[in-house]
Structure formats: C-alpha cells, structure tokens
Amino acid sequence: MAEEVVSPKPSKSFRKGALVRVNRKVYQNSLESSASDQDLPNYIFEGPGELLVVKGEYAQVRWQRRPVPDVWLRIDQLEA
C-alpha cells in the first residue's frame, strides 16, 4: 500500500480579486526578504494589492494605481 502525501494547505484562504497588503513582520523574517532588496517600497505594506492568481502557497499580486510589475508572494505573508 502506498502512503498518501498530503501537501499542507495555507491557513488563510484568499481568492482572486481580494485586496491585500504585505505583513511587514512576517515578510522581514522570511527567506524571500533575504534574497530581495533591503529597501522595499512602503506601498506593499500599505496596500491595496489585488490578487490575480492563487496557486498553492503563493499568490500573484498587482499593486493598484501603481505602474510597477506584478509580484509573487507567499500567502502567509499577506493580510486582508
């Protein structure tokens, strides 16, 4: 008999179109923050960003009213 491997589901459920912002404390303690620019723009922490796609533990965010590229972030780093 084969054992089933169950992938952990994110604790928060966000849907496409939801408005979010980045939780500063969670993001700064993450692996992604050490691989990114240390001087992040304030608009990612102030929001609103709109969720375009949610795939597994990650979501693609588009910052409203900003001419900046979309970004992929872990769902646990986002808050409504």
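Let's start at a hairpin: β2 and β3 form one with 2 residues between them, and Gly56 in the turn has a positive phi of about 60 degrees. Strands here are DSSP E runs of at least two residues, helices are H or I runs of at least four, and both are numbered from the N terminus. A word on provenance: this is a predicted model, where local features need pLDDT of at least 70 and side-chain atom pairs count only at pLDDT 80 or more, while totals for chains, interfaces and linings use all residues. Residues are numbered from 1 along each chain as its sequence is written, and side-chain values use heavy atoms, with hydrogens and water left out.

Back to the hairpin. Its strands β2 and β3 pair in the antiparallel sense over 6 bridges, where pairing takes at least two DSSP bridges between two strands. Val53 stands opposite Gln60 in β3, and Gln60 in turn has Trp72 as its bridge partner in β4. That second pairing, β3 to β4, is antiparallel with 4 bridges.

Now zoom out to the sheet. It is open, has 5 strands in the order β4-β3-β2-β1-β5, and its pairing is antiparallel. β4 (71-74) and β5 (78-79) stand at the edges with a single partner strand each, so one side of each is left without a neighbour in the sheet. For β5, 2 antiparallel bridges join it to strand β1 (residues 19-22), and Leu78 in β5 is the bridge partner of Val22.

Edge strand β4 is also where you'll find Arg74. Its side chain makes a polar contact of 2.9 Å with that of Glu32. (Such a contact is a pair of N or O atoms within 3.5 Å; within protein, one must be able to donate a hydrogen and the other to accept it, and residues adjacent in sequence count only if both atoms are side-chain atoms.) Leaving out residues up to four places away in sequence, Arg74 touches Ser30, Glu32, Glu57 and Tyr58, with contact meaning heavy atoms within 4.5 Å.

What about the nonpolar side? The largest nonpolar core has 14 residues, and Val22, Leu51, Val61, Trp63, Leu73 and Leu78 have the most contacts inside it. A core here is a set of buried Ala, Val, Leu, Ile, Met, Phe, Trp, Tyr and Cys residues joined through side-chain atoms within 4.5 Å. As for Val61, its contacts beyond four places in sequence include Val20, Leu51, Leu73 and Leu78.

Trp63 turns up again in an aromatic pair, and a search of the whole structure finds 1 of these. The ring centres of Tyr43 and Trp63 are 5.9 Å apart and the planes sit at 70 degrees, so the pair is edge-to-face. (Rings of Phe, Tyr and Trp, the last by its six-membered ring, pair if their centres lie within 6.5 Å; planes under 30 degrees apart count as stacked, over 60 as edge-to-face and the rest as tilted.) The pair links helix α3 (residues 43-46), home of Tyr43, to strand β3 (residues 58-63), home of Trp63, 20 residues apart. Trp63 is buried at 3% relative accessible area, and Tyr43 counts as buried at 18%; the scheme is under 20% for buried, over 50% for exposed and partly exposed in between, with a 1.4 Å probe and protein chains only.

Finally, some backbone oddities. Most residues other than glycine have a negative phi, and most peptide bonds are trans. Arg65 has a positive phi of about 60 degrees although it is not a glycine, and it lies in the loop between β3 and β4. The peptide bond from Gly47 to Pro48 is cis, with omega near -5 degrees.
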